[in-house]
Amino acid sequence: MTPGIITFVLIEIGSLFLVLSGIMFPWRDIFTFDWSNLVSFIGQAAVPPLCFFATFYGSDLYNVRVVRNLLEFRQRLFWPLLATFLLLVVLSPFILTPQFVGSSLLSSLVIVLIGTCVVLPLRWGLYTFGHLSPFAERILILGTGELAEKVATAIRALSPVGYTIAGFVADGGRELLESSTRTLAPVLGPLGRVEQIIEQFRPDRIIVALRERRGRMPLPALLKAQWMGIIVEDGIKIHERLSGKFAIESLTPGFLLFSTNFRKPLFELASRRAVSLIIATVGLILTTPLFVIISLVIKLDSKGPIFFIQDRAGLNKRIFRLVKFRTMLSSPVDEDANSVWSRDVDSRVTRVGRWLRKTHLDELPQLFNILRGDMDLVGPRPEMADNIKTMEEQIPYYTLRMTVRPGVTGWAQIKHGYAVSQENVTEKTRYDLYYIEHRSLWLDLKILLDTAKLILLGQENSDSHPATNEKGYETVSKELRSDFTVSKTTGENQQVLGIPVTQEPGLRIDSARSSELS
């Protein structure tokens, strides 16, 4: 969440709390009110707003990239309200909740109706005035290249909260006329007139997103603007903050070299590792009966081993054996050696395997990988060992993904989904690098909550969970090696990036499987 969204969430939850408190408070007995019960009263009034927050967060109603206007908010509102009502009913026997009438059922219904009456006007105000001054900052972007476009797109994605684009300052001659930035905001003039443009449009923030800064940075104008109280920011940093990913095409080695965020305190690293070990240990203890049941049904359902084991690249490119429950039948030994992948992989998914994938229980054995030190609970997904060399050649700064332990789930998994092309894998790398720079216990907690939301609430495209091929990879012809190589090894289907696969619903790139967290 951006600071603007966090502020709005606090206002919304605070308003609900104040309204309920005002209705519940015994105003007639204010002078005889037993103030020793104040803490109990506050706790009772705080439960409904927290229930609203939990259901709204779980339904993405605080995600302005998903809910962009009041109509979309109203269309999504029914199920969160129903969930809030049921949550209040379930909690009422155990926690003190406001009782407006005799029945907890009717009281919960009244609370939901009151909450709706509070939330709708606030949302109307957000979507009507959130993009207007003085509620939103006016931004001037220096540049009309790719980075400037990415920054503007990220700002527009946050509309209507926080920012509005005043315009661009052109930094290239003919490219200005062809730039797609014109569709995002007007171009206010050339770089040579930046001082006059600043004086005329009075931006609150200037973002420097020039294609080439050497010898072209208007330092006197920017220094004067900063002395006037205008915030001047680097385009790469603000794009990173708004989008939650790195613009790796615009990164320079110098930017990464002098970044201090990649180095984390030893105590924080130890704390994150301890949390992973504790959760993995507790998880294995609690799921031991489940391991036994799953192992039995796998053996009863189909021939083959219980576990599927595959070589992956972990911390500092160290190869380890990733373990999952087997979900597919073994591949035929006489399969066409010239095929890049099996065309009937979906038919080879077992009945039990289909259920394991749907519930994500096939990932449980990776708790052993955490205890062995191969993985953490949260981190970039471990890539198949035979893909690493080609990915490093094709994707800028890809090697940085392996400076931390891989995870069972991660920032890229909850943000992007599946990768079916080199462009998709590059996009996931942007999210992975962002995570590596900003990793913390709080970010890990957010990722775990969002992962649980994706799994438990099923907030993912049903087409995005294609079948997995647990077969030996086929050696492809040299003509196909221009992108990602496919070599024969034990594991799941390895994608030759750059080859369209949208017509092959059973294919996927394993490293990008967000819902299966593989």
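This is a short tour of a predicted model, moving from a parallel sheet and the helices around it to a long-range helix contact and an antiparallel hairpin.

**The parallel sheet**

Begin by selecting the five strands E1 to E5, which form an open sheet in the order E3-E2-E1-E4-E5, with parallel pairing. At the edges you will find E3 (187-190) and E5 (231-234), each of which has a single partner strand, so one side of each is left without a neighbour in the sheet. Looking along the sheet, you can follow a twist that averages 25 degrees from one strand to the next.

Now narrow the selection to E1 (residues 137-142) and E4 (residues 205-208), which pair in the parallel sense over four bridges. To place the register of this pair, show Ile141, which stands opposite Ile207 in E4.

**Helices across the sheet**

Keep the sheet on display and add helix H9 (residues 219-227), which lies across E1, E4 and E5 and runs at about 150 degrees to E4. Because angles over 145 degrees count as roughly antiparallel, H9 can be read as roughly antiparallel to E4.

Next add helix H10 (residues 235-243), which lies across E2 (163-170), E4 and E5 and runs at about 85 degrees to E5.

**H6 against H10**

With H10 still selected, bring in helix H6 (residues 146-157); the two helices pack at an angle of about 30 degrees, with their axes 9 Å apart. H6 and H10 are therefore roughly parallel to each other, and their crossing is left-handed. Which residues make the contact? On the H6 side, show Leu147, Lys150, Val151, Ala154 and Ile155, and on the H10 side show Gly235, Ile236, Ile238, His239, Leu242 and Ser243. Coloured by class, this contact of H6 with H10 shows seven nonpolar, three polar and one charged residues.

**Two stops on helix H5**

Move to helix H5 (residues 104-129) and select Ser107, which has its place in this helix. Is Ser107 buried or exposed? At 1% relative accessibility, Ser107 counts as buried. Leaving aside neighbours within four places in sequence, the residues in contact with Ser107 are Pro98, Gln99, Phe100 and Val101, so display these four together with the serine to see its surroundings.

Further along, select Leu120, which is also in H5. Leu120 is partly exposed, with a relative accessible area of 29%. Its contacts, again leaving aside neighbours within four places in sequence, are Leu70, Phe73, Arg74 and Leu77. If you draw a C-alpha to C-alpha distance from Leu120 to Arg74, the model gives 8.3 Å, although these residues are 46 apart in sequence.

**The antiparallel hairpin**

Finally, select E6 (residues 307-313) and E7 (residues 319-325), which run antiparallel and are joined by seven bridges. Within this pairing, Phe308 has Lys324 in E7 as its bridge partner. The hairpin has five residues between the strands, and there you can pick out Asn316, which takes a positive phi near 55 degrees.

To end the tour, add E9 (residues 383-384), a further partner that pairs with E6 in the antiparallel sense over two bridges. Here Ala313 stands opposite Glu383 in E9.

How values were computed
Residues are numbered from 1 along each chain as its sequence is written. This is a predicted model: local features need pLDDT of at least 70, side-chain atom pairs count only at pLDDT 80 or more; totals for chains, interfaces and linings use all residues. Side-chain values use heavy atoms; hydrogens and water are left out. Axes are lines fitted to C-alpha atoms, for helices over the stretch in contact, and angles run from 0 to 180 degrees between N-to-C directions. Angles under 35 degrees count as roughly parallel, over 145 as roughly antiparallel, 65 to 115 as roughly perpendicular and the rest as oblique. A crossing is left-handed if the near helix is turned anticlockwise from the far one by less than a right angle, and right-handed if clockwise. Contact means heavy atoms within 4.5 Å. Ala, Val, Leu, Ile, Met, Phe, Trp, Tyr, Cys and Pro count as nonpolar, Asp, Glu, Lys and Arg as charged, and the others, Gly among them, as polar. Two strands pair if DSSP finds at least two bridges between them. Buried means under 20% relative accessible area, exposed over 50%, partly exposed in between (1.4 Å probe, protein chains only).
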